[in-house]
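Please walk through the structure below with the text beside it, beginning with its aromatic rings and moving on to its cores and its sheet.

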Amino acid sequence: MQENIMEFQRDLRIRTILEAIPDDLMLVDAAGNIREYKAGRSASHLPMDRFLGTTLGELFSQAVTSQLQSAIRAGLNSELAGVIELSLEGRDFEARIVPMERDMTLILFRDVTVEREAERLKSEFIAAVSHELKTPLASILGFSELLLDDRHGFAELKEFLENIQHSSLRLKDMVNNLLDTSRLEAGRFAIGRQPVDLQFTLAQTARSFAGVARLSQTHFIWEFDPLPMIEADPERIGQVVGNLLSNAFKFCPREGTIWLRAKSHGGVLLEVEDTGPGIPLEEQGQLFNRYSRTQSAISRGIVGTGLGLYISRAIVEAHQGRIWVESQEGQGARFSVWLPL
């Protein structure tokens, strides 16, 4: 009687432990028959209504069945848990094979689709950042070497310095965006407001892109109406405008035109417009997400980290403002920022 009570309590403890495990659980015998199945707490668990009373071969494809059966045989022989990766129902799963008593095997299925996607995005992001950093660094080093050569005239030296300045600004923007992304994730992102007339900040930012316009053979026009005083962080607003202009110059073709406008509109309305390829409507909703890059940018080989617009939105929203895009494919794009008084 005492032994039965102890066995019942042991089974109850085991079942309680299994119920607490968030993964999908499957108990399989040596012949591949599915004896028990428990769905995990994840919304993307496997379809349990198809499991009980079937075999692995009936349920999964031949390739997946072979993987599982090989892992089960290896586990039963060594009595050690093994882990394999599977693709099921269009999602990525990690299967942990745990040998049990009486030739039974416990298989724990964990949906790792989100983790794999995060790893892919991280790898792409690191590759993009590495490429973005190498390009301006190579430019700075190359033109610095040319400056040390005494054979060049004043006009050439000025062009070299413009290239160095442009590359240095690109590096500064990238570092700022990386630091701001880290601050946003840590909840430490802040702005310093003060009464400001943005005319000086906007003119300073525009002048920093004058050399870029000459080098890229792009028409760059800036038009500033008289602006009201607003409470804002001028350096942060300059960062937003710099990000928008940087994107515009990346996409605008030679002999194209880029406009930077500022006007009073119940606050301050800033616009950056270009005559580039435009943005497909279906891609516009993801533009301001972290690490997001459009398919047109990827297909055209235009590098980027996918952080500029993400940071810009955070800065604008910290000012209680709005940022949005208007574009039609093949007809350019206009990014607008509205800041309240």
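**Aromatic pairs, cores and a sheet**

Five aromatic pairs are counted in this predicted model, where rings of Phe, Tyr and Trp (its six-membered ring) pair if their centres lie within 6.5 Å, and planes under 30 degrees apart count as stacked, over 60 as edge-to-face and the rest as tilted. The ring centres of Phe-209 and Phe-249 lie 5.7 Å apart with their planes at 5 degrees, so this pair is stacked. It links distant parts of the chain, since Phe-209 belongs to the loop between helix H6 (199–208) and helix H7 (210–216), whereas Phe-249 belongs to helix H8, 40 residues apart. Phe-209 is buried, with a relative accessible area of 9%, and Phe-249 is buried with a relative accessible area of 9% (buried means under 20% relative accessible area, exposed over 50%, partly exposed in between, with a 1.4 Å probe and protein chains only). Together with Phe-220, Phe-209 and Phe-249 form one aromatic cluster.

Residues are numbered from 1 along each chain as its sequence is written. Because the model is predicted, local features need pLDDT of at least 70 and side-chain atom pairs count only at pLDDT 80 or more, while totals for chains, interfaces and linings use all residues, and side-chain values use heavy atoms, with hydrogens and water left out.

The largest nonpolar core (a set of buried Ala, Val, Leu, Ile, Met, Phe, Trp, Tyr and Cys residues joined through side-chain atoms within 4.5 Å) has 44 residues, and those with the most contacts inside it are Leu-198, Phe-220, Leu-270 and Phe-335. Helix H8 (residues 234–251) gives the most to this core, with seven residues. A second, separate core of 20 residues includes Ile-34, Leu-56, Ile-84 and Phe-109.

Turning to the sheet, five strands form an open sheet in the order S2-S1-S5-S4-S3, with antiparallel pairing; helices (H or I, at least four residues) and strands (E, at least two) are DSSP runs, numbered from the N terminus, and two strands pair if DSSP finds at least two bridges between them. Strand S2 (34–38) and strand S3 (82–88) stand at the edges with a single partner strand each, so one side of each is left without a neighbour in the sheet. Seven bridges join S3 to S4, and Leu-86 stands opposite Phe-93 in S4. Strand S4 (residues 91–99) also pairs with strand S5 (residues 104–111) in the antiparallel sense over seven bridges, and there the bridge partner of Phe-93 in S5 is Asp-111.
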